[in-house]
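Work through the exercises below with the model open. Try each task before reading its solution.

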Amino acid sequence: MPLLSWCQLGLTIVDMTQQFQAIAPGFGDRLKEERMRLRMNQTEFAEIAGIQRLAQSQYESEARAPNLRYLSAIGAAGVSLYYLLFGRADVGGPLPPDAMR
């Protein structure tokens, strides 16, 4: 699967936010689920995301919200960001040509 350019990613995020107005409830549970799917403990997952284990724990308990740098890092590690943010399976597929401007 080819990597999306920043422009394509931005358009994808715009499309998703138009479809969903807020992050779906259960973000912390889905984050933990994705971490466990990748067979990592909080310390290992935090390392790939460039944060401390305590911050990872706070994200999973929804005591703190992650930033874009964190989301980018965990997405590169294999986390489904679409599922994480919206609670639905990834829509997949390429963007239509007119959306890639």
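The exercises go from the overall fold to single residues.

This is a predicted model: local features need pLDDT of at least 70, side-chain atom pairs count only at pLDDT 80 or more, and totals for chains, interfaces and linings use all residues. Residues are numbered from 1 along each chain as its sequence is written, and side-chain values use heavy atoms, with hydrogens and water left out.

**Exercise 1. Describe the fold and its burial.**

Step 1. Count the elements. The protein has six helices and zero strands. Helices (H or I, at least four residues) and strands (E, at least two) are DSSP runs, numbered from the N terminus.

Step 2. Take the burial. Of the 101 residues, 34% count as buried. Buried means under 20% relative accessible area, exposed over 50%, partly exposed in between (1.4 Å probe, protein chains only).

Step 3. Take the surface. About 6800 Å² is exposed, and carbon and sulfur atoms supply 57% of it. The areas come from the Shrake-Rupley method with a 1.4 Å probe; for residues, only the protein chains shown count as cover.

Step 4. Check the contacts (heavy atoms within 4.5 Å). Among those between residues at least 6 apart in sequence, 62% join residues at least 24 apart.

**Exercise 2. Find which residues of helix α2 are buried, and what they pack against.**

Step 1. List them. In α2 (residues 27–37), Phe-27, Gly-28, Arg-30, Leu-31, Glu-34 and Arg-35 are buried.

Step 2. Look down the axis. The buried residues of α2 fall within an arc of 165°, so they line one face of the helix. The arc is that of the directions from the helix axis to the C-beta atoms.

Step 3. Turn to the other side of α2. Asp-29 and Met-36 are exposed there.

Step 4. Name the partners. The buried residues of α2 pack against α3 (42–49), α4 (53–60), α5 (68–76) and α6 (81–86).

Step 5. Follow the chain onward. Just after α2, Arg-39 takes a positive phi of about 60°.

**Exercise 3. Map the largest nonpolar core.**

Step 1. Fix the term. A nonpolar core is a set of buried Ala, Val, Leu, Ile, Met, Phe, Trp, Tyr and Cys residues joined through side-chain atoms within 4.5 Å.

Step 2. Pick the hubs. Of its 17 residues, Leu-31, Phe-45, Ile-51, Tyr-70, Ile-74 and Leu-84 touch the most other members.

Step 3. Assign the helices. α2, α3, α4, α5 and α6 each supply at least two residues of this core. The largest share, four residues, comes from α6.

Step 4. Inspect one hub. Leu-31 is at 0% relative accessibility and counts as buried. Its contacts beyond four places in sequence include Phe-45, Tyr-70, Ile-74 and Leu-84.

**Exercise 4. Characterise the pair Tyr-59 and Tyr-70.**

Step 1. Search for aromatic pairs. The whole structure holds two. Rings of Phe, Tyr and Trp (its six-membered ring) pair if their centres lie within 6.5 Å; planes under 30 degrees apart count as stacked, over 60 as edge-to-face and the rest as tilted.

Step 2. Apply the geometry. Tyr-59 and Tyr-70 sit 4.7 Å apart, centre to centre, with 70° between the planes, and the pair is edge-to-face.

Step 3. Place the rings. Tyr-59 is in α4 and Tyr-70 in α5, eleven residues apart.

Step 4. Check burial. Tyr-59 is buried at 4% relative accessibility, and Tyr-70 is buried at 1%.

**Exercise 5. Find the polar partners of Glu-60.**

Step 1. Locate the residue. Glu-60 lies in α4 and counts as buried at 10% relative accessibility.

Step 2. Apply the polar contact rule: a pair of N or O atoms within 3.5 Å; within protein, one must be able to donate a hydrogen and the other to accept it, and residues adjacent in sequence count only if both atoms are side-chain atoms.

Step 3. Read off the partners. The Glu-60 side chain joins that of Arg-35 at 2.6 Å and that of Gln-42 at 2.9 Å.
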